[in-house]
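Here's a quick tour for anyone meeting this protein for the first time. Have a look at the structure, then read on.

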Amino acid sequence: MIRLRDMVPGDLPHGLELCRHAGWNQTLEDWQRFLRLAPGRCFVAETGGTIVGTVTTCLLERVGWIATLLVSDSHRRQGTGMALLDRAVFLLREQGALRIRLDATPLGQPLYERRGFAPQFTLRRYGGTLAQSASLDPDSTWIRSGSADELAAIVRLDAEAVGYSRERLLRELFDEQPHSLWVAEKGDRLCGYALSRGGALATQIGPCIATDAEAGWALLQSALARHEGTPVFVDLPEGNAAAARVVQAAGLAPRRELVRMQLAIDAAEAERHERIDWLWASSGPEAG
């Protein structure tokens, strides 16, 4: 019999094991962040004392996120994934979420559609090891390292791009990797930022937000250039062709597709999504 319970720190190695089996990129630091962002709001499924599934949630303003819905091969198609999803949706609705979002793999998409989630747009993951000779020009007089003092302005810019405040997430990502923050500034105007973090398989570049193509191009190029010689992943919205040209010029190739999906609890929220032209790299499938 499957039992659902709250996830605790001692469960994280089991979550990592499910990640590795699925070929996902999350690290222990990612799982620790899930618990910090939503203590008591992440769950495991277990049977006979063995963990066979996980799901994490996060509420950013009135927008809920569901991530790391993983089920062991031995317990798929037995209702475990649906039970975890239903628990996560119930909790987020109870907390007052107006819409609930997630990035679906092709395997998971039918499950979410059966619960009313609708596709919004496709994210294409590009990956590869950046060659030292990659066609990148990171030099720009208005791309520079960012600091903690600029986080408030970055949060405001990010909220313009995605439609709600991701302050808690952005501050967590900065605290983990403060030296990965770079900003684009023209005169005294902040027009973009980029962050990155380590992964089990590759460095995840993103989020990267820019208000114009020049800033986005320069930020994404500079982020890639700092990781030459190492494997990287970049998740790009299908509608941002300029971002795709940057990563293709760097020698990265499409690896997989994810579909950003949304369950609109409030009808007025149904058509809300990111400004695709400002989204130069997603933060990954954990919280957009």
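## Helices α1 and α2

α1 and α2 are oblique to each other, because their angle falls outside the classes roughly parallel (under 35 degrees), roughly antiparallel (over 145) and roughly perpendicular (65 to 115). Helix α1 covers residues 12-22 and helix α2 residues 28-37, and their axes come within 10 Å and cross at roughly 125°. Axes here are lines fitted to C-alpha atoms, for helices over the stretch in contact, with angles from 0 to 180 degrees between N-to-C directions. The helices themselves are DSSP runs (H or I, at least four residues; strands are E, at least two), numbered from the N terminus.

α1 passes α2 in a right-handed crossing, where the near helix is turned clockwise from the far one by less than a right angle. Which residues meet? On the α1 side they are L12, G15, L16 and C19, and on the α2 side L28, W31, Q32 and L35, with contact meaning heavy atoms within 4.5 Å. They divide into six nonpolar, two polar and no charged. Here Ala, Val, Leu, Ile, Met, Phe, Trp, Tyr, Cys and Pro count as nonpolar, Asp, Glu, Lys and Arg as charged, and the others, Gly among them, as polar.

## How far to trust it

This is a predicted model: local features need pLDDT of at least 70 and side-chain atom pairs 80 or more, while totals for chains, interfaces and linings use all residues. Residues are numbered from 1 along each chain as its sequence is written, and side-chain values use heavy atoms, leaving out hydrogens and water.

The average pLDDT (the predictor's confidence in each residue, from 0 to 100) is 91, and 97% of the residues score at least 70. Among the elements, strand β7 (residues 143-145) has the lowest mean, 89, and strand β13 (residues 279-281) the highest, 97.

## Helix α6 and its partners

Now for α6, residues 167-176: its axis and that of α5 (residues 151-162) come within 10 Å and cross at roughly 130°. So these two are oblique as well, and α5 passes α6 in a right-handed crossing. L151, A152, I154, V155 and D158 of α5 touch E167, L170, R171 and F174 of α6. That contact has six nonpolar residues, no polar and three charged.

The axes of α2 and α6 come within 11 Å and cross at roughly 140°. E29, R33, R36 and L37 of α2 meet R168, L169, E172, L173 and E176 of α6. This time the split is three nonpolar, no polar and six charged.
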